[in-house]
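Biologist: Could you take me through one part of this model in detail? I'd like to look at a metal site first, and then at whatever else you find worth showing.

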Amino acid sequence: MLNGFTLQAAELTAAAYENMDGLCLFLCKECLAALSKLGLPQQVEAAVETYAKRHEEMFEMGTISELVLPQEAGLLTVVIAGCGAGSECKPVAFRKTAGAAARALRKAKVARAIIAAPILTNPKRGAYLEAIVEGLYLGGYTFTEFKSKAEKSVQCAVTLLSKIAEAEDLVKKATISAEAVSFTRDLVNRPGNVVNPQTLAEAACQLAQELPLEVEVLDEQQMAERKMGAILAVGQGSVNPPRLITLKYNGAADAPYVAYVGKGITFDSGGISIKPDTGMGEMKDDMSGAGAVLGAMKAIASLGLKCNVIGVLACAENMPGGKAQRPGDIVTSANGKTIEVISTDAEGRMVLADGVDYACKLGAKKVIDIATLTGAVIIALGKETSGIVSNNDELVEQIKKAGKFAGESFWQLPSLPECKEAIKSDVADLLNSAGRPGGCITGGLFIGEFVAEGIPWAHLDIGGTSTSEKTEGFKVKGGTGFGTLTLIKLAEML
Ligand code: BES
Ligand code: MN
Ligand code: ZN
């Protein structure tokens, strides 16, 4: 049971339609012609065809149409999930539409649903099946942990009909991925008085108990021994001390390790460079990068992927206080570079400086960091697309490709050598902030300064995508878990 749904696969037969109170059909315009392949009860097929003749708009991607038909044992709710026309009919469309379908099934209080789609009669369309499963679970996500009275919701058992031989395995795989994204969303949605660096460390230790993962948690003393002056500076203003958390997954013998490094600011007040009051509470989501890394590690280990991955979570709480770092301070990071603190609100890049350096010292041969690093990325790319700053075009292409499989959008920003001039300091090696122009680029380039020479690296700025203001497709208002799925798919590809 995940998010109110249990999913299982079954072979497409006429008998499969017995005993359902809900039927969900995924249809694109062209798919309609193949409706008869589904072997639906005759009166259902006739009703859908009649409805389709009058309602062309039902095929529009993401559109949900609902019919209620009488059947022997009560009523049958038919949810038609529109999947577009022509080239729109891709797994990405199915993932989004499945999210909306999940909410329609729940609203109609369906308890036993069948999912059928003409495209799933093609044994080679496993990617569509995976997308439906992921979308259904994620669209059904709710965050009710802090409601004192549990809302009564119908649990829905779903059977997916197909002619795909490996359907059962695909359902299992997609369920693990959706579980991981839901796990990330929970972490992001929980407030700062519940999630702090220590509780994230405990969550990581818990995963290491359940799964083939090795965990290490560095506390302040251990970070001081390793001269991690940048993350320590960010954390020093809070009573909740910083933690550097590492999870190691070895699924491919002695193959090279890739590192995922997440920004884990469990609350970002801005520090002494304090943020305005309006919207400050949203900064509980400033650990979304670390959350995505944790979720991805959970799935990678559960799936037993044949790859080697190190997950690093650079965690701190950014608070003002008598011990907090000041604007103007100069601190020394673990790789020896000195940083002039222009703004204590540019703290993400500081924790990541020590984070990516540590990943390289652990022997990672590729580094990907993920962070709610800037508000500037929202100005540049909006709330649907994450920014990439990188030193390696091949790695960027791989990330964009993994993102396509995951239904997550990425766009690379130019990082000309000239842009590096902006983060040079007069009194130290680097400035932690170069102000507003190209804020997403300079923020990324700063982190790149701490990646070891010759290591392919990419920085993913999820400042705009980590939360959503509306429930739409497989996204639900609040934490999106953005990046989790891409990092899972990337681990499969690398
Ligand atoms: N966590 C914020 C970035 C952020 C802000 C993400 C709003 C999503 C929504 C980050 O730590 C920050 O404060 N960045 C500053 C950087 C500046 C001081 C160089 C920003 O974006 O204004
Ligand atoms: Mn900040
Ligand atoms: Zn921040």
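Which residues coordinate the zinc ion (ligand 3), and at what distances?

Modeller: Happy to! Please keep in mind that this is a predicted model, in which local features need pLDDT of at least 70 and side-chain atom pairs count only at pLDDT 80 or more, while totals for chains, interfaces and linings use all residues. Residues are numbered from 1 along each chain as its sequence is written, chains are lettered from A and ligands numbered from 1 in the order written, and side-chain values use heavy atoms, with hydrogens and water left out.

Now to the zinc ion (ligand 3): Lys263 (NZ), Asp268 (OD), Asp286 (OD) and Glu347 (OE) coordinate it at 1.9 to 2.4 Å. Donors here are N, O and S atoms within 2.8 Å of the metal (3.2 Å for Na, K and Ca), and sites may look incomplete, as water is not among the atoms. Six donor atoms surround this zinc ion with angles of 78 to 172°, and the site is octahedral (six donors, opposite ones over 155 degrees apart and all others between 65 and 115). For reference, ideal angles for six octahedral donors are 90 or 180 degrees.

Along the sequence, the donor residues follow the spacing K-x4-D-x17-D-x60-E. Lys263 and Glu347 link distant parts of the chain, 84 residues apart: Lys263 belongs to strand 9 (residues 258–268), and Glu347 to the loop between strand 12 (338–340) and helix 9 (348–361). Strands and helices are DSSP runs numbered from the N terminus (E, at least two residues; H or I, at least four). Both Lys263 and Glu347 are buried, meaning under 20% relative accessible area with a 1.4 Å probe and protein chains only (exposed is over 50%, partly exposed in between). There is a second metal to see here: Asp268 bridges the zinc ion (ligand 3) and the manganese ion (ligand 2), 3.2 Å apart.

Away from the metals, do look at Phe26 and Phe94. Their rings are stacked, with 5.7 Å between centres and 15° between planes (rings of Phe, Tyr and Trp, its six-membered one, pair with centres within 6.5 Å; planes under 30 degrees apart are stacked, over 60 edge-to-face, the rest tilted). Phe26 lies in strand 2 (residues 22–27) and Phe94 in helix 2 (residues 91–107), 68 residues apart. Phe26 and Phe94 are both buried, and they form one aromatic cluster with Tyr128.

How values were computed. Tetrahedral: all angles 85-135°; square planar, octahedral: opposite > 155°, others 65-115°.
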